[in-house]
Amino acid sequence: MTRFLRYGLPTLGLAMLSAPAMAQDAKIDTGDTAWMLTSTAIVLMMTVPGLALFYAGMVRKKNVLATMMQCFAAVALISVTWFVAGYSFAFGEGGAYFGDFSRMFLSGLAANWDKPFTLGSGDGAIAMTIPESVFIMFQMTFAIITPALIVGAFADRMKFSALCVFLVLWSLFIYAPVAHWVWHPNGWIFALGAADFAGGTVVHINAGVAGLVAAIMLKKRLGYGSENMSPFNLGLAVIGAGLLWVGWFGFNAGSAGGAGARAGMAMLVTQLAAAAAALAWLFAEWMTKGKPSVLGGISGAVAGLVAITPASGFVLPMPAIIIGLVAGVICFWASTALKHMLKYDDSLDVWGVHGVGGIVGALLTGFFAFGPLSATTAAPEGVVGGMDLFIKQCIAVGATVVFAAVGTAILLKVVDIMVGLRVSEEEEREGLDVVLHGERLG
């Protein structure tokens, strides 16, 4: 319990009770529940239409509908997968590395649907002030957007059948275990004491590494480096980025678990980091390429949102600005110079923005965490930045990188054997809209 109160967990912020107290007099807090319902809705909006528009605006016209369909399919597929087994694998009692099968098909929800619930059992149990249905749904939106982020790395070239199989397998065997490690009281990273307020490791590093592995295994797009692959409609991408920015307030401030002061601070630092990163990317691009681009501006903002995600419940405004500035410059470098240097085709810079940005944010949290933000009676010092926390952050980041890389490679190989990963050269040249879905944009 003490460790949780110090380090946080999405939807489990400061508004919590001990398990014994809950059994006696706790009840559902309607204010916390209202905020979590609102946060859940806008986090879902981040995938559709936010991410769908963001990605669709950056691909070529012949692949716009297919790209949007990939994001839409992720919402449908992962929602059902979460109901069947994903929630159980992530938040079932289990052990240090994996949940269990006890909550498959949301078993046990019907008996306590209108009561507060506890996550975990025994001395480590965490008492909640919202219904479990709201917790399940909020966590579902995280489970949805994480694999959806990956599709940008292999845009223009994966079969839809392969995508569907991959998304389900990745959600169950990569996302759910990492979520259990970090956010369940039994998880080993939880026990270690690494700080991840809203998903730097679970969402962004996890998806970024998977995207890089997928981009390498599927190989480059036809004509990459020799043909014009300019975005079809940057206007759509700007709208999508705007929806992501707004939705991120639910992502980060919602992870406080209630409508309190910590949620307010998380919202403020989220805004500041995004703004600082957008400016940093723009000025870095202006200095190196002569012009600040629209694509650079929106990419920088997303990089800042990514980087502040693990830190949002632990840092004050000035460190948030620093995190944004650092993320903007480093993610610009990773998405341009590094990508060209290593010659991989990460189509929409999933690794460069989400993977690298997540790592930057997770590591800087180790230095900038401000104790009073997460302090409680049980842990009056709260989460304090310093070398001890930084080392724990390094361990959590390293474990996530290795697990996501190896696991994703294995799953992609399995999917390749099952249905094949990539469309044929002729199909890729014609475009995925017509080939895979029989439709054309305009």
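Phe91 is buried, its relative accessible area being 4% in this predicted model. Its partner in an aromatic pair is Trp82; the two rings meet edge-to-face, with 6.4 Å from centre to centre and 80° between their planes. The pair is classed as edge-to-face because its planes are over 60 degrees apart. Trp82 likewise counts as buried, at 0% relative accessibility.

A second aromatic pair is formed by Phe117 and Phe135, whose ring centres are 5.5 Å apart and whose planes make an angle of 50°, a tilted arrangement. Phe117 belongs to strand S1 (residues 116-119), whereas Phe135 belongs to helix H5 (residues 132-150); the pair therefore ties together parts that are 18 residues apart in sequence. Both rings come from buried residues: Phe117 has a relative accessibility of 7%, and Phe135 has a value of 0%. These four residues are part of a cluster linked by ring pairs, which also includes Tyr87 and Tyr175. Over the whole structure, the search for aromatic pairs finds 23.

Helix H5 also takes part in the surroundings of helix H9, since the buried residues of H9 pack against H5 as well as against helices H3 (30-56), H8 (200-218), H10 (261-289), H11 (294-308) and H13 (350-368). Helix H9 itself covers residues 234-253, 20 residues in all. From its first C-alpha to its last, H9 reaches 28 Å, close to the 28 Å expected at 1.5 Å a residue. The helix nevertheless contains a kink of about 30°, centred on Gly247. Gly247 is itself one of the buried residues of H9. Others among them are Ala237, Gly240, Ala241, Leu243 and Leu244, together with Trp248, Phe249, Gly250, Phe251, Asn252 and Ala253. At the N-terminal end, H9 is capped by Asn233, a side-chain oxygen of which lies 2.9 Å from the backbone nitrogen of Gly235.

Confidence in the prediction was also examined. The protein has a mean pLDDT of 93, and 94% of its residues reach 70 or more. Two stretches with low values are noted here. Residues 1-8 have a pLDDT below 50, and this stretch has 37 contacts in the model beyond near neighbours in sequence. The pLDDT is also below 50 over residues 10-25, a stretch with 55 contacts in the model beyond near neighbours in sequence.

Methods
Residues are numbered from 1 along each chain as its sequence is written. Side-chain values use heavy atoms; hydrogens and water are left out. Rings of Phe, Tyr and Trp (its six-membered ring) pair if their centres lie within 6.5 Å; planes under 30 degrees apart count as stacked, over 60 as edge-to-face and the rest as tilted. Buried means under 20% relative accessible area, exposed over 50%, partly exposed in between (1.4 Å probe, protein chains only). Helices (H or I, at least four residues) and strands (E, at least two) are DSSP runs, numbered from the N terminus. The expected span of a helix is 1.5 Å times one less than its number of residues. The bend at a residue is the angle between axes fitted to the seven residues ending there and the seven starting there. Contact means heavy atoms within 4.5 Å. A polar contact is a pair of N or O atoms within 3.5 Å; within protein, one must be able to donate a hydrogen and the other to accept it, and residues adjacent in sequence count only if both atoms are side-chain atoms. pLDDT is the predictor's confidence in each residue, from 0 to 100.
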